Amino acid sequence: MKTALILLALVGLAAACRQSVPPIVADLLILNAKIWTGAPSQPEAEAIAIVGGRVAAIGATTALAAWRGPSTRVIDAAGARVLPGFNDSHVHFMGGGMQLDNVDLRQAPSPQAFANLIGERVRQTPAGEWVLGGDWDDQLWDPPSLPTRQLIDPVSPTTPVFVNRFDGHMAVANSVALKLAGVTAATPDPSGGVIVRDAAGNPTGLLKDAAMGLVNRVIPPFTPARRAQALTRALAHAASLGVTSVRDMGPDAGDLATYADFAESGRLTVRLSAAPSELQWADQAKLGIRRGFGTPFFALGAVKGFADGSLGSTTAYFFEPYADAPATRGLLADEMIPIEGMRERLVAADAAGLQLCIHAIGDQAISVVLDLFTDVANANGARDRRYRIEHAQHVAPKDFDRFASLGVVAAVQPYHAIDDGRWAERRIGPERIKTTYAFRTFLDRGVRIALGSDWPVAPLSPMLGIYAAVTRATLDGKHPDGWVPTEKITIEEAVRGYTAGSAYAEFTDHAKGTLAPGALADLVILEDDIFAIAPARIHDVNVRTTIVGGRIVYDAPR
Ligand SMILES: [Zn+2]
């Protein structure tokens, strides 16, 4: 009797054990794929097992069959190409979502079409609201000419309009907006900006760089609901393009609050690492927020600053004058004046452990930022800083080696090269274009690159970015074999720049950017194998499935 009881108890215990220690099975299993892992130890694989949002195993389809259980979701990739999820190293994510909501002037082929589109939007705009966004491109007009308030006043008699050039470095206001902002013939140009004036000295409505602030400061702030709507649109757009992480540049407190709401409620389908303005570095520092602070979905700990303007607005800051505007060599940004103030803030931000990301486009702006980075390192001592120069477009030949020796990451956006490449030589001449968007030279000199889009300044699609880096074929079709072709990089180098490169540039390369056991399960399944097709077709490659943290966030309709 006693023995039987003990036996029963043992059987019961064994059963309990079987129940309490279930075999480990995958939540998601992707089989029969062509996986480019980005990991040197195992560059290619066929199958990947995902448990708890992370990669549990990666290898041959047969080897990973053991991970399959009754609850496992299985994707048969049928030979499709799989890559780590794309990490866009430079976006304005909320701005991108707003753009999806705003008037779209990007394709306006003429001043008349531009005015008509604004008129249409004015008719749909409730009283008191502004017409914003636009992203117009005067270079599409024949001949190119800058828009004025006189062009849009007839279609916007009572609605304030303030629409920006696609590069964000100039914008045109109608008379209603200028009046609300108090901008008149008597208003002086602010430092770092220009109020464009006609022969009589009256504002034409066009405001460059810091002068845009005169109008921006009177635009009412976006409501939380408006921000949530924009973020929702941005997330869906990113998921459809295989973008699983972004570095968000220059968000304000309202943007960050919206990101935090979405993170808390599990609605973020893109991992966001945010770099607010360096002017407010102390806001992060005083709470002890430093690089890598946050969660895998929402991180802070970096600051973004501006050293100059843009090539399109002739405000990028060069050593020599512009070829097509010899009276100017560009402008240093407002926050660089005086330079001692910038140096003090950067030294302090770095001492607090914040990562420094500085926008610099012209060769002298880049050179000055490298000087500042040298000063920061001298002041605070050696450390793994991962300095970033955003855009890094026009590099003086003498400065490439300084990127390498200071460990500066070039955070570059290849789409700008095939866009600006249509007219950049006219603007800066035949010599300076040789080291423009010099991705090949960066890599050859041992400089890390992190690829991105600058969305909404350029399209968010990583495929377009990779296509641009690999082909350098300008958008006008005039350089099918590449504009400054010596600066092309390979498809693999471009994919690496868009995955591991961007992860390194945000201090998350331990968890992202390559597919290996323990990594976050962020990946994309593509419709075509970008390594196998003709480079000219890369921009047509669509994303079939996007997975973030093991969760399918996009599945293309088939
Ligand atoms: Zn930007």
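1. The second largest pocket of this predicted model encloses about 430 Å³ of space. Of the 19 residues that line this pocket, those closest to its centre are Glu-129, Trp-130, Leu-132, Phe-222 and Arg-226, and the elements that contribute two or more residues to the lining are α3 (111–124), β10 (131–136) and α7 (224–240). By residue class, the lining of the second largest pocket divides into 9 nonpolar, 6 polar and 4 charged residues.

2. Val-218 deserves a comment alongside that pocket, since among its contacts is Trp-130, one of the residues closest to the pocket centre. Val-218 sits in the loop between α6 (213–216) and α7 and is partly exposed, with a relative accessible area of 30%. When neighbours within four places in sequence are left aside, Val-218 is in contact with Trp-130, Leu-180 and Ala-181. Ala-396, by contrast, is separated from Val-218 by 178 residues in sequence and by 39 Å in space, taken from C-alpha to C-alpha.

3. The zinc ion has as its protein donors His-90 (NE2), His-92 (NE2) and Asp-454 (OD), which lie 2.1 Å from the ion, and along the chain these donors follow the spacing H-x1-H-x361-D. Because His-92 belongs to the loop between β8 (86–91) and α2 (93–101), whereas Asp-454 belongs to the loop between β22 (449–451) and α16 (462–471), the pair ties together parts that are 362 residues apart in sequence. Asp-454 is itself buried, at a relative accessible area of 6%.

4. Two cis peptide bonds should be checked by anyone reading the backbone. Trp-455 and Pro-456 are joined by a cis bond with omega about 5°, and Pro-456 is found in the loop between β22 and α16, which is also the loop that holds the zinc donor Asp-454. The peptide bond from Asp-142 to Pro-143 is likewise cis, with omega near -5°, and Pro-143 is placed in the loop between β10 and α4 (149–152).

5. Positive phi values occur at two aspartates, neither of them a glycine substitute in name. Asp-135, a residue of strand β10, has phi near 60° and counts as buried at 5% relative accessibility. Asp-209, in strand β14 (residues 203–209), has a positive phi of about 45° and counts as buried at 14% relative accessibility.

6. Which residues of helix α14 are buried? In this helix, residues 424–432, they are Ala-424, Arg-427, Ile-428, Gly-429 and Arg-432; they cover an arc of only 165° around the axis, which puts them on the same side of α14. An α-helix has 3.6 residues a turn, so residues three or four places apart point the same way. The cover over the buried residues of α14 includes α11 (363–380) and α13 (414–420), while the face turned away from the buried side carries the exposed residues Arg-426 and Pro-430.

7. As to enclosed space, a search of the whole structure finds 1 cavity of 30 Å³ or more, and the largest cavity has a volume of about 80 Å³. The residues that line the largest cavity include Pro-84, Gly-85, Asn-87, Thr-244 and Ser-245, together with Ala-511, Lys-512, Gly-513, Thr-514, Leu-515, Leu-520 and Asp-522. This lining divides into 4 nonpolar, 6 polar and 2 charged residues.

How values were computed
Residues numbered from 1 in each chain as written. Predicted model: local features only at pLDDT ≥ 70, side-chain atom pairs only at ≥ 80, totals over all residues. Heavy atoms only, no water. Buried < 20%, exposed > 50% of the residue type's maximum accessible area, 1.4 Å probe, protein only. Helix = DSSP H or I, 4+ residues; strand = E, 2+ residues; numbered from the N terminus. Arc of directions from axis to C-beta. Contact = heavy atoms within 4.5 Å. 1 Å grid on protein atoms, 1.4 Å probe; cavity = no way out; pocket = protein on both sides within 12 Å on 5 of 7 lines; lining within 4 Å. Points joined across faces, edges and corners; volume = space filled by probe spheres on them. Nonpolar A, V, L, I, M, F, W, Y, C, P; charged D, E, K, R; others polar. Donors = N, O, S within 2.8 Å, 3.2 Å for Na, K, Ca; no water.
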